[in-house]
Amino acid sequence: MSFTVAIVGRPNVGKSTFFNRLLESRKAIVDDVSGVTRDRQYGITDWNGRTFNVIDTGGFVVGSDDVFETEIRKQVKIAIDEADVLVFMTDAAVGITELDEAMADMLRRTKRPVFLAVNKVDNSERQLAATEFYSMGFDSIFFLSSMTGSGTGELLDAVTEMMPVDAEETEIGENELPRFAIMGQPNVGKSSLLNALIGEERTIVSDIAGTTRDTIHTHYNLYQKEFILIDTAGIRKKSKEKDDLEFYSIIRAIKAMDEADVCLLLIDADKGITAQDINIYSLAARKGKGIVVLVNKWDLIEGKETNTARDYEKNLKQRLAPFNDVPIVFISAKDKTRIFKGIELAIEVFENKKRKVQTSVLNEVMLKAVQAYRAPVVRGHAITIKYVTQLPTQTPSFAFFSNFPDDIKQPYKNYLENQLRKNFDFKGVPVRLFFRKK
Ligand code: GDP
Ligand code: GDP
């Protein structure tokens with residue numbers, strides 16, 4: 001399931017303040033190929049238990065009026081193309097400006113829902129002044145202060161109400177084929193990998209329309225392994241400008257990720273893992289996706305003894321921590337080395353993601369682990385865990401019932417997760433632990 005909210009508005013109205021508040025401490029994916037544009041940002045957040053993508057389409061640095069004109073067009077176009085809902089931000093401290101009007105004109109013409117967010121309503125005086133924004137004629141208007149957070153909840157309630165009823169948190173069907181997405185930065189070898197895979201055999205079974213506008217699902221049957229590859233490549237040429245194209249490609253990649261069960265994350269062996277790779281990795285992990293890391297261009301690495309791969313892997317795992325129980329495979333798309341291994345591992349990860357541990361087995365193992373190492377006493381009371389059960393969700397989730405669920409600290413949660421991983425195979429799969437009162 002993919003749902004994307006874009007924040008648009010002229011510079012300095014508070015878009016990035018709002019965006020950062022949504023993401024809190026979470027890492028955004030920043031597209032900092034700036035020409036005239038300020039960094040564009042992309043991230044995920046959740047509200048009322050519903051997860052969605054957020055795009056801050058960026059501001060533009062001060063220039064001539066022409067620059068403004070083309071920049072707002074670009075910004076609005078990206079937002080309309082890529083988002084399901086638009087948040088149009090304005091500034092109560094300044095009032096309605098010409099640029100606001102120009103943007104409003106463009107936004108009124110879209111069929112997408114537009115929420116007018118009048119920002120910087122920090123106090124009641126501003127609240128009064130802000131009423132002038134009713135004159136812009138948008139049905140949905142919200143007064144908020146991104147700085148203090150007041151009013152942001154109402155806006156987010158309205159935004160999440162637009163989301164379709166969530167199919168995400170139901171189990172994967174018995175006969176569903178695994179859906180993979182190949183992810184990675186430009187030039188890492190994504191198309192080479194695809195060509196290497198499909199060049200082997202005539203493998204395409206059929207094209208299936210994606211569930212969102214921008215993805216293609218292709219059904220493959222490769223060496224008796226069936227899977228669906230989700231791709232966003234080459235759908236439409238959106239823009240002649242390179243920085244726009246890159247931003248579109250990030251957004252597209254994340255939509256493909258949303259629809260995938262397992263992400264095949266390519267990194268460049270020669271360059272090593274980059275901060276952007278880690279951002280994509282943790283985004284996939286937060287979205288509960290299965291992950292296989294493919295270290296591509298391994299042919300370029302000199303002296304490939306076992307040790308080289310082992311050291312490389314050790315290093316990589318450190319960079320991927322805390323969640324690093326993932327398969328890592330060294331491939332060359334060019335020489336077609338171990339690429340099929342990559343697919344096999346992705347299928348294994350898919351199986352792990354579907355794994356359901358029987359409650360009796362789960363309790364036997366996990367209660368033993370709890371006995372072997374007890375949660376530390378908090379405020380004089382002993383913490384006990386009485387019962388564990390796996391929830392019927394797509395991302396393996398476990399509910400631990402305890403007398404004091406809120407007093408269980410992170411290190412102990414980590415211990416429980418490690419025990420789960422040690423006893424049951426969840427390699428490549430993020431798991432979620434919930435603690436409930438019993
Ligand atoms: P952007 O260019 O639209 O992304 O705007 P920024 O988020 O960079 O904010 C521009 C300025 O407005 C910054 O100095 C912010 O601190 C300030 N600002 C943002 N939100 C609020 C708010 O709710 N109240 C007030 N008083 N200032 C705000
Ligand atoms: P994409 O942008 O991620 O789709 O990357 P491409 O598949 O277009 O590859 C970018 C460049 O890397 C091309 O010049 C490829 O020939 C090269 N490349 C891809 N895979 C390998 C590999 O395994 N080894 C080497 N040496 N080069 C590769």
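The buried residues of helix α1 pack against five strands: β1 (4-8), β3 (40-47), β4 (50-56), β5 (85-91) and β6 (114-119). The model that shows this is predicted. Which residues of α1 are buried? They are K15, S16, F18, F19 and L22, in a helix that covers residues 15-23. Viewed down the axis of α1, these buried residues fall within an arc of 155 degrees, so they line one face of the helix. The helix is followed by E24. The phi of E24 is positive, near 50 degrees.

Helix α1 also takes part in a ligand site. Around ligand 1 there are 15 residues. The closest of them are G14, K15, S16, T17 and M147. K15 and S16 thus appear twice: they are among the buried residues of α1, and they are among the residues closest to ligand 1. Which element gives the largest share of this shell? It is α1, with 3 residues. By class, the shell around ligand 1 divides into 3 nonpolar, 9 polar and 3 charged residues.

Now turn to ligand 2. Its surroundings also come to 15 residues. G189, K190, S191, S192 and K334 come nearest. Helix α6, residues 190-199, gives the most to this shell, with 3 residues. How does the shell around ligand 2 divide by class? It has 4 nonpolar, 7 polar and 4 charged residues.

Next comes the nonpolar interior. The largest nonpolar core holds 103 residues. Within it, L264, L265 and V292 touch the most other members. Helix α7, residues 242-259, gives the most to this core, with 8 residues. L265 is worth following through the sequence. Which residues does L265 contact, leaving aside its neighbours within four places in sequence? One group is M183 and G184. Another is I280, Y281 and A284. I291, V293 and L294 complete the list.

Finally, step back to the whole protein. The chain fold is built from 12 helices and 17 strands. Of the 438 residues, 38% count as buried. How much of the contact set with a separation of 6 or more comes from residues 24 or more positions apart? Such pairs account for 70% of those contacts. The contacts of L265 with M183 and G184 are examples of partners from elsewhere in the sequence.

Note on methods
Residues numbered from 1 in each chain as written. Chains lettered and ligands numbered in written order. Predicted model: local features only at pLDDT ≥ 70, side-chain atom pairs only at ≥ 80, totals over all residues. Core = buried A, V, L, I, M, F, W, Y, C linked by C-beta atoms within 7 Å. Buried ≥ 20, exposed ≤ 12 C-beta atoms within 10 Å, placed from the backbone. Helix = DSSP H or I, 4+ residues; strand = E, 2+ residues; numbered from the N terminus. Contact = placed C-beta atoms within 7 Å. Arc of directions from axis to C-beta. Near = placed C-beta within 6 Å. Nonpolar A, V, L, I, M, F, W, Y, C, P; charged D, E, K, R; others polar.
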